[in-house]
Amino acid sequence: MFSNTRRSFLQKTGLASLGLLFGADAWSKNLQQALNDYQDVSPETLATEEDFWHYVQQSYTTSGGLINLNNGGVSPSPKIVQDAMKRYHDMSNEAPSYYMWRILDQGREPLREKLANLAGIHAEELALHRNASEALETVIFGLDLKAGDEVVLSKQDYPNMINAWKQREMRDGIKLVWVNHELPSVDNDYLTNNYTQKFTAKTKIVHITHIINWNGQIMPVRQIADIAKAQGIEVLVDGAHSFAHFDF
Ligand SMILES: Cc1ncc(COP(=O)(O)O)c(C=O)c1O
């Protein structure tokens with residue numbers, strides 16, 4: 001039996017550790033403040049604002065021997081994220097059932113809410129995955145498709161997604177119908193027609209990469225989706241690069 005003082009001490013430390021884990025960090029507040037302060041400043045002016053870039057620079061770690069120019073395909077995590085992951089990993093090993101189930105698990109639903117707010121959707125519509133490949137392949141391998149069903153996709157889609165679709169072609173006998181875009185293009189009707197002219201009565205899915213990783217091309221997803229939906233075709237969007245990248 002715990003005494004009252006002992007119980008309230010434990011309750012308080014429990015709350016304190018929750019606050020430590022999920023409370024907003026001072027540094028991220030500084031960065032958020034800097035982002036707010038400069039939101040109306042033009043890109044040209046912002047490029048010369050050393051105070052702003054100081055916050056951005058200090059939010060990341062760098063290698064002493066290499067200059068990293070690839071922040072797209074393998075984007076580095078901010079320092080605050082790296083530190084939190086290491087800390088949570090250590091805690092999970094120190095007292096697994098306590099920290100994983102009673103403490104860290106409690107952060108998942110509030111996080112889902114925040115991400116849903118950012119995405120402009122309801123939390124129930126959002127599933128958390130470890131990366132875009134796992135999320136997309138869960139859908140690609142999980143869809144109920146049979147031999148002869150058609151999937152429209154493009155030669156410019158991400159190779160791992162193309163390979164996942166080819167795997168279904170080999171295993172299940174679905175038919176892949178290829179679009180080959182001339183890129184870059186600012187002609188949304190051209191891009192849309194490339195997909196929609198391939199639609200037939202057998203088309204079940206159209207797979208669209210929202211921002212093409214090779215050259216930054218943005219696809220008119222809404223325009224394509226409206227036509228697909230009207231024909232009863234499901235739309236799978238590879239949004240690996242679009243979330244939090246531009247307003248859509
Ligand atoms: C268009 C596109 N889709 C999917 C992925 C896979 O993303 P992840 O590495 O998060 O699995 C990438 C990665 O660069 C990508 O560029």
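Q: Helices (H or I, at least four residues) and strands (E, at least two) are DSSP runs, numbered from the N terminus; how many of each does the secondary structure of the protein come to?
A: The protein has 11 helices and 4 strands. You are looking at a predicted model, where local features need pLDDT of at least 70, side-chain atom pairs count only at pLDDT 80 or more, and totals for chains, interfaces and linings use all residues. Residue numbers start from 1 along each chain, following the sequence as written.

Q: Why is Gln231 called exposed?
A: A residue is exposed if 12 or fewer other C-beta atoms, placed from the backbone, lie within 10 Å of its own, buried if there are 20 or more, and partly exposed in between. Gln231 has 12 such neighbours, so it counts as exposed. Gln231 sits in the loop between H11 and strand E4 (234-238). Phe199 is 32 residues away in sequence, with its C-alpha 8.7 Å from that of Gln231.

Q: What makes Arg168 partly exposed?
A: Its count is 17 other C-beta atoms within 10 Å, which falls between the two cut-offs, so "partly exposed" is the right label. Arg168 belongs to helix H9. Leaving out residues up to four places away in sequence, Arg168 touches Ile140, Leu145 and Ile174, where contact means C-beta atoms, placed from the backbone, within 7 Å.

Q: How do you know that E1 and E2 pair?
A: Two strands pair if DSSP finds at least two bridges between them. E1 and E2 share 5 bridges and run parallel, so the condition is met. In this pairing, Ser154 stands opposite Val179 in E2.

Q: How many bridges link E3 to E1, and how many link E3 to E4?
A: E1 and E3 are joined by 3 bridges in the parallel sense, with Val152 partnering Val206 of E3. E3 and E4, also parallel, have 5 bridges, and Ile205 stands opposite Glu234 in E4.

Q: Why is E1 described as largely enclosed by the rest of the structure?
A: The description follows because 4 of the 5 residues of E1 are buried. E3 is mostly covered too, with 6 of its 7 residues buried. Over the protein's 248 residues, 13% count as buried.

Q: What makes the buried residues of H10 lie on the same side?
A: In helix H10 (residues 188-196), Leu191, Thr192, Tyr195 and Thr196 are buried. They span an arc of only 125° around the axis, which puts them on the same side of H10; the arc is that of the directions from the helix axis to the C-beta atoms. Asp189 and Tyr190, on the other side, are exposed. The cover over the buried residues includes strand E1 (150-154), strand E2 (175-179), strand E3 (203-209) and helix H11 (221-230).

Q: Which residues have the most contacts inside the largest nonpolar core?
A: Val151, Val152, Val206 and Ile224 do, in a core of 21 residues. Such a core is a set of buried Ala, Val, Leu, Ile, Met, Phe, Trp, Tyr and Cys residues joined through C-beta atoms within 7 Å. The elements giving two or more residues to this core are helix H8 (132-142), E1, helix H9 (159-172), H10, E3 and H11.

Q: Which residues surround the ligand?
A: They are Gly73, Asn131, Ala132, Ser133, Tyr158, Thr209, Asn213, Asp238, Ala240 and His241. The test for being near a molecule is a C-beta atom, placed from the backbone, within 6 Å of it.

Terms used
Contact = placed C-beta atoms within 7 Å.
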